[in-house]
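Hello,

Here is the structure I promised to pass on. Please open it beside this email and follow along.

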Amino acid sequence: MNQAMLWGVGTSSYGRFPDQRVESLAWTAVAEAVQDAGIRPDAIDAIIVGSVFGPPGVATRIQRGLGIPSVPMWTVENACASGTAAYHEAVEAVRHGRFTCVLVLGVDQMSTLFSGAIVPEATDPEGAASLPLPGLYALQAQRYVGEFGVTPEQLATIAVKNKTNGMDNPRAQLRDTVPTVQEVLDSRMIAEPLTFLQCCPTSDGAGAAIVGGDRGNRNDLRIEASAMVSGALWDQRSEDVWGFASVARAAEKAFAQADRTPQEIDVLEVHDAFTIGEIITLEALGIAPRGKGAELAPSGHTTRGGAQPVNPSGGLLSRGHPLGATGMAQLAEIAWQLRGQAGPRQVARHRVGLVETMGGGAAGMDGNACVVTILSTQS
C-alpha cells in the first residue's frame, strides 16, 4: 500500500450566489487547490466529484472548463457526505496505486433550488409525513433533553461558539454578528427545541483537494486514516438516536487505522448542521461519554482556546452547508489549521486533525453514509 498524502486544498467563498454558474464556484476552488499543491493541471490523472443537487453533467462541464481532458472522471452522491466520500475514494485509489494524483471536488448550488429546508423524498415515510431534516434533528434533541437533561442553553452555546469562530472566517456565509445565548433561544422556532439560529443556512459553494502519494514535501499532510461506512437499518427499536451509530462505526474504523485514541486529536471539523448534531457526533467519536457531549462547549473544551477545538471554521452553522462541498470545506480548514495557516482562527495545538461528515435522508437507515478521516503533520 502507498502512503496517501494531502497535497493541496482550495475553496470558494460560501453564501447565496444564485446568479453565479455552479461551474465557476468549482473552478475557483480547483485553481486554489492546484496552486496550493504546487502542481500543473496536467499532473492530475483522475477527477472525483461529490455533488448532491448538481445538474446532470455538472462534473463534465467543470472538467471541460478546467482544460483537463480525457482523464477518468466520475461523480459521487452520498447526501451531505458526498464530498468526503469522493475524497475517500481518491485516498483509496492512491493507496492502491490506481492513480498518482487525484483532484477531488465537492460542489453544490442550493440557493436556486430551495428557499428553506430541503424537501424530503416523497416516497419515503418522512416525506409522506412532511418531516424534513430539521424535524428529524429536533427529535434527536428532544430525546437528549428527556434522557440526559440537556438544556436549551447548552444547545444555544454551540451556536454561539461556532458563530463566534465564523466571524474570523472570511469565506463564511454568516458573519454579521455573534448572538448571545438568549438571542439564539429567542430566535424563531423551527422544530422544537431547535430555533432558527441553531440551524445551518442554505448555501452555495465548492471545495477541492489534491490527493497523491508521498513526494517528500514537508508541506503535505499525512492521511493517517480514511474510513467510510454506509447506513444500517434503523427504526424505533434502535438503541441510539438517528445518525449516532453510523458516525460511531466510521470513527472506530478510522481510529483503528490511525492507531490513535480520540484524546489524541488536536482539532476537529464535524457535521453541525444543527446544534444537536455536534453534541451527538462528539459522543459518537468518543470525545465525550454518552450524554455528556452537551457539556463540552459550555465548559470551554471545544472552544478555539480549549483542549480540543471543534469547528474553528464556524462549522456548517456559520460557514454554510452546500451539501456536496461541505466535507471538502471541512478538509480545507483542517489542512490550514495543521499547517498553521488559519490566521485569527488558528488553534494552539495543531499536529493531528479529524474531519467527520455524515449524510442522511433515506428513511429507515441511520444515515446514508459517514466519512471520518484523520490527518497529521510530518513534524
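Tyr137 is buried, because its relative accessibility is 5% and the cut-off for buried is under 20%. Bear in mind that this is a predicted model.

Which ring does Tyr137 pair with edge-to-face? The partner is Trp242. The two ring centres are 5.5 Å apart, and the planes meet at 85°. This pair links distant parts of the chain. Tyr137 sits in helix α5 (residues 133–148). Trp242 lies in the loop between β8 (221–230) and α8 (244–258). The two residues are 105 residues apart. Trp242 counts as buried too, at 4% relative accessibility.

Now add Phe274. Ring pairs join Tyr137, Trp242 and Phe274 into a cluster.

The structure holds 5 aromatic pairs. One of them is formed by Trp74 and Phe99, and it is tilted. Its centres are 6.2 Å apart, with 40° between the planes. Trp74 belongs to strand β3 (residues 73–76). Phe99 is in the loop between α3 (82–95) and β4 (101–109). Here the partners are 25 residues apart, and the pair again links distant parts of the chain.

Are these two rings buried or exposed? Trp74 is partly exposed, with a relative accessible area of 26%. Phe99 counts as buried, at 14%.

Finally, look at two arginines. The charged end of Arg215 sits over the ring of Trp7, 4.1 Å from the ring centre. Arg290 lies over the face of Phe244, also at 4.1 Å from the ring centre.

Best wishes

Conventions:
Residues numbered from 1 in each chain as written. Predicted model: local features only at pLDDT ≥ 70, side-chain atom pairs only at ≥ 80, totals over all residues. Heavy atoms only, no water. Phe/Tyr/Trp six-rings, centres within 6.5 Å; stacked < 30°, edge-to-face > 60°. Helix = DSSP H or I, 4+ residues; strand = E, 2+ residues; numbered from the N terminus. Buried < 20%, exposed > 50% of the residue type's maximum accessible area, 1.4 Å probe, protein only. Lys NZ or Arg CZ within 6 Å of the ring centre and 35° of its normal.
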